[in-house]
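Work through the following exercises with the sequence and the model open. Each one sets a task and then solves it step by step.

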Amino acid sequence: MRILISDDESTVRDVLREGLALHFEDAEIRTCAYNTEVVAILGGWLPDVVLLDTRQEVNGIELGGALQLQYPKLRVIAMSGIGDRDTVMSVLCAGLGGFLHKPFNIMQLGEFVTSTLFVTNFHP
């Protein structure tokens with residue numbers, strides 16, 4: 001399994017990478033600080049799952065929606081410390097694989113990624 005994590009906080013990236021590595025022992029996990037780097041990474045390496053921070057210069061929800069259209073088998077999970085109704089509705093409308101409200105624990109993350117991989121996205 002291949003996982004890409006994009007978050008501007010290095011501590012968050014490190015904890016997510018280490019936690020996912022424990023949950024998915026054979027996973028190839030890459031990280032980047034900014035959503036602007038994601039498109040370049042996908043040009044040479046296609047993960048199964050991308051975790052995007054929603055609150056960056058390049059909006060993670062909008063980017064995630066565009067990625068889902070370009071790479072239909074890719075699962076995109078949005079992450080944010082803001083879990084208000086508007087954010088969740090935006091994630092759903094963009095057709096993303098899911099939304100995680102920070103903070104969340106690593107067991108939740110591993111289970112969520114697993115379930116996201118086995119659910120077919122619905123695109124209205």
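A residue is called buried when its relative accessible area is under 20%, exposed when it is over 50%, and partly exposed in between (1.4 Å probe, protein chains only). The model is predicted: local features need pLDDT of at least 70, side-chain atom pairs count only at pLDDT 80 or more, and totals for chains, interfaces and linings use all residues. Residues are numbered from 1 along each chain as its sequence is written, and side-chain values use heavy atoms, with hydrogens and water left out.

**Exercise 1. Classify Thr-54 as buried or exposed, and describe its surroundings.**

Step 1. Locate the residue. Thr-54 sits in the loop between E3 and helix H3 (60-70). Helices (H or I, at least four residues) and strands (E, at least two) are DSSP runs, numbered from the N terminus.

Step 2. Apply the cut-off. Thr-54 has a relative accessibility of 3%, so it counts as buried.

Step 3. List the contacts, meaning heavy atoms within 4.5 Å. With neighbours within four places in sequence left aside, Thr-54 contacts Asn-59, Gly-60, Ile-61, Ala-78, Met-79 and Ser-80.

Step 4. Check a distant part of the chain. His-101 is 47 residues away from Thr-54 along the chain, and their C-alpha atoms are 10 Å apart.

**Exercise 2. Which backbone atoms does the side chain of Gln-56 reach?**

Step 1. Gln-56 belongs to the loop between E3 and H3. Its relative accessible area is 14%, and therefore Gln-56 is buried.

Step 2. Look for polar contacts. These are pairs of N or O atoms within 3.5 Å; within protein, one must be able to donate a hydrogen and the other to accept it, and residues adjacent in sequence count only if both atoms are side-chain atoms.

Step 3. The Gln-56 side chain reaches the backbone nitrogen of Asn-35 at 2.7 Å and the backbone oxygen of Ala-33 at 3.4 Å.

Step 4. Complete the neighbourhood. Not counting residues up to four places away in sequence, Gln-56 touches Ser-6, Asp-7, Asp-8, Ala-33, Tyr-34 and Asn-35.

**Exercise 3. Describe Lys-102 and the peptide bond that joins it to Pro-103.**

Step 1. Both Lys-102 and Pro-103 lie in the loop between E5 and H5.

Step 2. Lys-102 counts as buried because its relative accessibility is 17%.

Step 3. The side chains of Lys-102 and Asp-7 are joined by a polar contact of 2.6 Å. Apart from neighbours within four places in sequence, the contacts of Lys-102 are Asp-7, Asp-53, Met-79, Ser-80 and Gly-81.

Step 4. Most peptide bonds are trans. The bond between Lys-102 and Pro-103 is cis, with omega about -5°.

**Exercise 4. Find how the buried residues of H1 are arranged around its axis.**

Step 1. Check the length. The expected span of a helix is 1.5 Å times one less than its number of residues. H1 has 14 residues and reaches 20 Å from first to last C-alpha, close to the 20 Å expected.

Step 2. Pick out the buried residues: Arg-13, Leu-16, Gly-19 and Leu-20. Seen down the axis, they fall within an arc of 145°, so they line one face of H1. The arc is that of the directions from the helix axis to the C-beta atoms.

Step 3. Recall the helix geometry. An α-helix has 3.6 residues a turn, so residues three or four places apart point the same way.

Step 4. Turn to the other face. Away from the buried side, H1 carries the exposed residues Thr-11, Glu-18 and Leu-22.

Step 5. Identify the cover. It includes strand E1 (2-6), strand E2 (28-32), E3, E4 and H5.

**Exercise 5. Repeat the analysis for H5 (residues 106-117).**

Step 1. The 12 residues of H5 should span 16 Å; the end C-alpha atoms are 17 Å apart, which agrees.

Step 2. Leu-109, Gly-110, Val-113 and Thr-116 are buried in H5. They cover an arc of only 130° around the axis, which puts them on the same side of H5.

Step 3. Their cover includes helix H1 (10-23), strand E3 (49-53), strand E4 (75-80) and strand E5 (98-101).

Step 4. Inspect the start of H5. There, a side-chain oxygen of Asn-105 comes within 3.0 Å of the backbone nitrogen of Met-107.

**Exercise 6. In what order do the elements run along the protein chain?**

Step 1. Count the elements: five helices and five strands.

Step 2. Read from the N terminus: β-α-β-α-β-α-β-α-β-α.
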